[in-house]
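Trainee: Got a minute? I'd like to go through this one with you.
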Amino acid sequence: MSDEEALVAVEREVALMFRRGRARVAELSRRVHPGLDGMAYSLLGYVEQAGRVRVTDVGAHFTVGKATVSRQIRALEDLGLVTREADPLDRRSALVSLTEDGRRRFLAARDARMRRVREVMGGWSQDDTVRFAELLHRFNDVLAEPPVD
C-alpha cells in the first residue's frame with residue numbers, strides 16, 4: 001500500500017468512525033434521558049469528569065459558542081441532570097455540575113457503553129489495546145491543533 005493509499009484508508013476509516021460515533025452518542029444521550037439527543041452524553045461526560053466546570057469552558061472544550069452551550073446546558077438543567085450556580089471567583093460566570101440523578105443516569109449509560117467496548121475489543125491483546133489508545137490520543141492531539149494554511 002502506498003503512502004497516499006494509506007492516508008486515504010485512514011481518512012475513510014476515521015470518517016466511518018465519526019459517523020458511527022455520532023449515532024452512538026445520540027443513542028447514549030437517549031439512554032440517559034429519552035428527551036436528549038445529539039451531544040448531550042458527551043457534554044455530561046465532560047462535566048462528570050470535571051466535577052464543576054465553567055459553562056464557558058464547556059463551550060471551549062466542544063468548540064461551540066456561548067449561545068449553543070448555554071442552550072444545551074439549559075436543556076440538561078430543565079431535565080434535572082445538571083445544576084448551574086454562580087462562580088464564587090467571578091460572579092459573571094456560571095459553574096455547572098451533575099445532579100445526583102444526572103450522575104446516576106450518565107454512569108448507567110457509560111457502563112452499558114463500556115460493556116460494548118469490552119465485548120468488541122475482548123479479542124484484542126492488552127498491547128494492541130494500549131497501542132490503539134496511544135495512537136488515537138496522538139491523532140486527537142493533532143486534530144486539536146489549528147490547521148496550517
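Mentor: Sure, start with arginine 52 and glutamate 85, whose side chains form a salt bridge (3.8 Å, N to O); that term means a side-chain nitrogen of Lys or Arg within 4 Å of a carboxyl oxygen of Asp or Glu. This pair ties together distant parts of the chain, with arginine 52 in strand 1 and glutamate 85 in strand 2, 33 residues apart. Strands (E, at least two residues) and helices (H or I, at least four) are DSSP runs, numbered from the N terminus.

Trainee: What kind of model is this, anyway?

Mentor: It's a predicted model: local features need pLDDT of at least 70, side-chain atom pairs count only at pLDDT 80 or more, and totals for chains, interfaces and linings use all residues. Residues are numbered from 1 along each chain as its sequence is written, and side-chain values use heavy atoms, leaving out hydrogens and water.

Trainee: Is arginine 52 buried or exposed?

Mentor: Partly exposed, at 45% relative accessibility, and glutamate 85 is partly exposed too, at 33%. Buried is under 20% relative accessible area, exposed is over 50%, and partly exposed sits in between (1.4 Å probe, protein chains only).

Trainee: How many salt bridges are there?

Mentor: Eleven. One of them joins the side chains of glutamate 100 and arginine 103 (3.7 Å, N to O). Those two are three residues apart in helix 5 (residues 100-121), so about one helical turn separates them.

Trainee: Switching topic, what's the strand order in the sheet?

Mentor: 1-3-2, in an open, antiparallel sheet of three strands; strands pair if DSSP finds at least two bridges between them. Strand 1 (52-54) and strand 2 (82-87) are at the edges with a single partner strand each, so one side of each has no neighbour in the sheet.
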